Amino acid sequence: MMTVENQETAQVNPKLKQELGVRYGIMLSIFGIILGVVSQNISGMMPKFGVGIAGLIITIVFFVMGAKAYKKANGGMAKFGDVFAIMAIMAVISTVISTVFSYIYVMFIDPGSVDRQIQDTIGMLEGFGTPEAAIDEAIIEMEKMKDPAGYAVTLLKGAAGGIIFYFIIGAIVSAIVKKEEKPV
């Protein structure tokens, strides 16, 4: 038996998940880029932990906004899979845009940012009492980021980790915001 609410659900634009995923993914990447650029340019003023927490909050906010937009268009209902699909699209879109921007930023806009990152890392490792050999090894790895190919590899590794992080957060948020019909 199909209820009125089910009839409304059947009328939802089939491309709505993709449209919302792209829209909110672009917005998420813009806010992430702004946070990243600001944190790069006020190094030392905002602890890296604070930047990470801010990024997590921004991610959750945009995931919830995308889910709520879908629920509203879908008569208040949203299956876990539908909500997660929106967030997966957001994750991919945001990661691709942010990765491309990061490459352009470091290679062309602010090449000195790698040196600042190296200095910040050295300071952090020394603060933790890391052995000198381990610090030297970290410096060698980070120096590879000055090379365009080396930085591209670093970004791709980071993007893969970012996608996994987004998927985990997306699954949690999807489980919380979903609203499925109870069987009749």
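# Exercises on helix packing in a predicted model

In this predicted model, the axes of helix α5 (residues 113-127) and helix α6 (residues 132-143) come within 10 Å and cross at roughly 165 degrees.

**Exercise 1.** Decide how α5 is oriented relative to α6, and work out which residues of α5 meet which residues of α6.

*Solution.* Step one uses the angle: a value over 145 degrees counts as roughly antiparallel, and because the axes cross at roughly 165 degrees, α5 is roughly antiparallel to α6. Step two adds the handedness, for α5 passes α6 in a right-handed crossing. Step three turns to the residues themselves: Val114, Gln117, Ile118, Thr121, Ile122, Leu125 and Glu126 in α5 meet Ile135, Ala138, Ile139, Met142 and Glu143 in α6. Sorted by class, the residues of this contact of α5 with α6 comprise 8 nonpolar, 2 polar and 2 charged.

**Exercise 2.** Compare the length of α5 with the expected value, and find which of its residues are buried and what covers them.

*Solution.* Begin with the length: α5 has 15 residues and reaches 21 Å from its first C-alpha to its last, which is close to the 21 Å expected at 1.5 Å a residue. Next, look for residues under 20% relative accessible area, the cut-off for buried; in α5 these are Ser113, Val114, Ile118, Thr121, Ile122 and Leu125. The elements that cover the buried residues of α5 include α2, α4 and α6. Finally, follow the chain just past α5, where glycine 129 takes a positive phi of about 75 degrees.

**Exercise 3.** Test whether the length of helix α7 (residues 148-177) agrees with its number of residues, then describe how α7 packs against α4 and against α3.

*Solution.* The 30 residues of α7 should span 44 Å at 1.5 Å a residue, and since the end C-alpha atoms are 41 Å apart, the two values agree. Among the buried residues of α7 are Tyr151, Leu155, Ala159, Ile163, Tyr166 and Ile169, and what covers the buried residues of α7 includes α2 (16-41), α3 (48-73) and α4 (80-109).

For the first pair, α4 and α7 pack at an angle of about 155 degrees with their axes 8 Å apart, and they are therefore roughly antiparallel to each other. Their crossing is right-handed, and the contact of α4 with α7 has 22 nonpolar, 6 polar and no charged residues.

For the second pair, the angle between α3 and α7 is about 45 degrees and their axes are 10 Å apart, so these helices are oblique to each other. The crossing of α3 and α7 is right-handed. On the α3 side the contact is made by Leu56, Thr59, Ile60, Phe63, Val64, Ala67 and Lys71, and on the α7 side by Phe165, Tyr166, Ile169, Gly170, Val173 and Val177. By class, the contact of α3 with α7 has 10 nonpolar, 2 polar and 1 charged residues.

**Exercise 4.** Say whether serine 29 is buried or exposed, and find which residues are in contact with glycine 76, leaving aside its neighbours within four places in sequence.

*Solution.* Serine 29 lies in helix α2 and has a relative accessible area of 1%, so serine 29 is buried. Leaving aside its neighbours within four places in sequence, serine 29 is in contact with Ser94, Ile97 and Ser98.

Glycine 76 lies in the loop between α3 and α4, and with a relative accessible area of 25% glycine 76 is partly exposed. With neighbours within four places in sequence left aside, glycine 76 is in contact with Lys71 and Lys179. The C-alpha atoms of glycine 76 and lysine 179 are separated by 7.3 Å, although the two residues are 103 residues apart along the chain.

Conventions: Residues numbered from 1 in each chain as written. Predicted model: local features only at pLDDT ≥ 70, side-chain atom pairs only at ≥ 80, totals over all residues. Heavy atoms only, no water. Axes fitted to C-alpha atoms, helices over the stretch in contact; angles between N-to-C directions. Helix = DSSP H or I, 4+ residues; strand = E, 2+ residues; numbered from the N terminus. Parallel < 35°, antiparallel > 145°, perpendicular 65-115°, else oblique. Left-handed = near helix turned anticlockwise from the far one by under 90°. Contact = heavy atoms within 4.5 Å. Nonpolar A, V, L, I, M, F, W, Y, C, P; charged D, E, K, R; others polar. Expected span 1.5 Å × (residues − 1). Buried < 20%, exposed > 50% of the residue type's maximum accessible area, 1.4 Å probe, protein only.
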